[in-house]
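Reader: Before we discuss any single residue, I would like each label that you use to be set against its definition. Please take the terms in turn.

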Amino acid sequence: MIGIPSVKYADDKVEGMGFAIPISRAIPILDELMKREVLTEKEQGYLGVTCIDVTSDANEMYKIPIGAYVYEVSKDGAAKEGGVQVGDIITAINGMEISSKEALTQKVHSYRIGTEVTLTIQRSSNGKYKEIELKVKLKGKSTIDGLEGSDNSESDNSDNNDITIPIPKNDDNDGNGNNGQQGGNSGDIFGNGDDYYGNGSDDFFDFFNQFFN
């Protein structure tokens with residue numbers, strides 16, 4: 001078998017056309033499903049982070065990788081010990097793609113406390129994202145105490161719906177003496193002035209904010 005059919009198109013004007021998931025992507029998922037245990041809440045592993053989704057709009061406009069954006073890290077959590085940092089974007093666990101905090105929640109909870117997992121991370125460095133892998137040993141639910149928002153694998157609180165993802169800054173000079181800014185002065189990204197979004201524009205902030213809520 002070379003793939004699993006996922007979509008088929010048929011029309012009287014063209015011959016039927018189908019699409020399939022490559023077997024190379026399907027095998028890891030099938031293996032996981034075969035090995036997956038049904039765990040109680042006390043047995044489930046936790047990362048100890050608060051995450052929000054990176055939307056397709058953010059990805060298209062600002063080239064922020066799609067995944068679960070780490071907004072907060074528990075000081076006693078597994079993620080902290082494994083080297084996960086605020087601002088990291090989790091894109092896969094054990095080679096399986098993660099495209100949202102919900103997907104991350106389900107995946108993390110399928111592992112038992114004490115299980116070591118490999119997180120694929122996109123980390124911003126000088127305005128560009130670089131992929132790294134981190135080994136993390138999952139801990140219990142008690143390690144999420146103190147987190148303010150909803151954790152990708154921890155709580156049901158949805159207070160982080162209003163959190164926005166900062167756009168990575170490039171600290172290198174751009175050749176025009178602007179020290180990494182885009183289209184302005186004083187270190188801002190979108191215009192002139194001292195604030196992050198340029199010109200102190202509430203209108204622009206509202207426009208930017210709608211893509212991350």
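Reader: What does the accessible surface of the chain come to, and how is such an area obtained?

Author: The accessible surface of the chain comes to about 12,600 Å², and 48% of this belongs to carbon and sulfur atoms. Accessible areas come from the Shrake-Rupley method with a 1.4 Å probe, and for residues only the protein chains shown count as cover. This is a predicted model, in which local features need pLDDT of at least 70 and side-chain atom pairs count only at pLDDT 80 or more, while totals for chains, interfaces and linings use all residues. Residues are numbered from 1 along each chain as its sequence is written, and side-chain values use heavy atoms, with hydrogens and water left out.

Reader: Why is threonine 143 called buried or exposed?

Author: Buried means under 20% relative accessible area, exposed over 50%, and partly exposed in between (1.4 Å probe, protein chains only). Threonine 143 has a relative accessibility of 11%, and therefore counts as buried. By the cut-offs already given, 39% of the 213 residues of the chain count as buried.

Reader: Where is threonine 143 found, and with which residues is it in contact?

Author: Threonine 143 is found in the loop between strand E8 (128-137) and helix H5 (202-209), where helices (H or I, at least four residues) and strands (E, at least two) are DSSP runs numbered from the N terminus. If its neighbours within four places in sequence are left aside, threonine 143 is in contact (heavy atoms within 4.5 Å) with Ser74, Asp76 and Gly77. A polar atom of its side chain also lies 2.7 Å from the backbone oxygen of glycine 140.

Reader: How many residues has the largest nonpolar core, and what makes a set of residues such a core?

Author: A nonpolar core is a set of buried Ala, Val, Leu, Ile, Met, Phe, Trp, Tyr and Cys residues joined through side-chain atoms within 4.5 Å. The largest one has 22 residues, and those with the most contacts inside it are Leu47, Ile90, Ile93, Leu104 and Leu119. Among the elements that each supply at least two residues of this core are strand E5 (89-93), helix H4 (101-109) and strand E7 (116-125). A second, separate core of 10 residues includes Ile52, Tyr62, Ile64 and Tyr69.

Reader: How do you know that E5 pairs with E7, and which other strands are joined to E5?

Author: Two strands pair if DSSP finds at least two bridges between them. E5 and E7 run antiparallel and are joined by 4 bridges, so they pair under that rule; isoleucine 93 stands opposite leucine 119 in E7. E4 is also joined to E5, by 2 antiparallel bridges, with isoleucine 89 in E5 as the bridge partner of tyrosine 69. A further 2 bridges join E5 to strand E6 (residues 96-97), again antiparallel, and there alanine 92 stands opposite glutamate 97. As for cover, 5 of the 5 residues of E5 are buried.

Reader: What makes the phi of lysine 63 and asparagine 126 worth a remark, and how are these residues classed by accessibility?

Author: Most residues other than glycine have a negative phi. Lysine 63, however, has a positive phi near 60°, and that of asparagine 126 is about 55°. Lysine 63 has 63% relative accessibility and therefore counts as exposed, whereas asparagine 126, with a relative accessible area of 31%, is partly exposed.

Notes
Polar contact = N/O pair within 3.5 Å; in protein donor to acceptor, adjacent residues only side chain to side chain.
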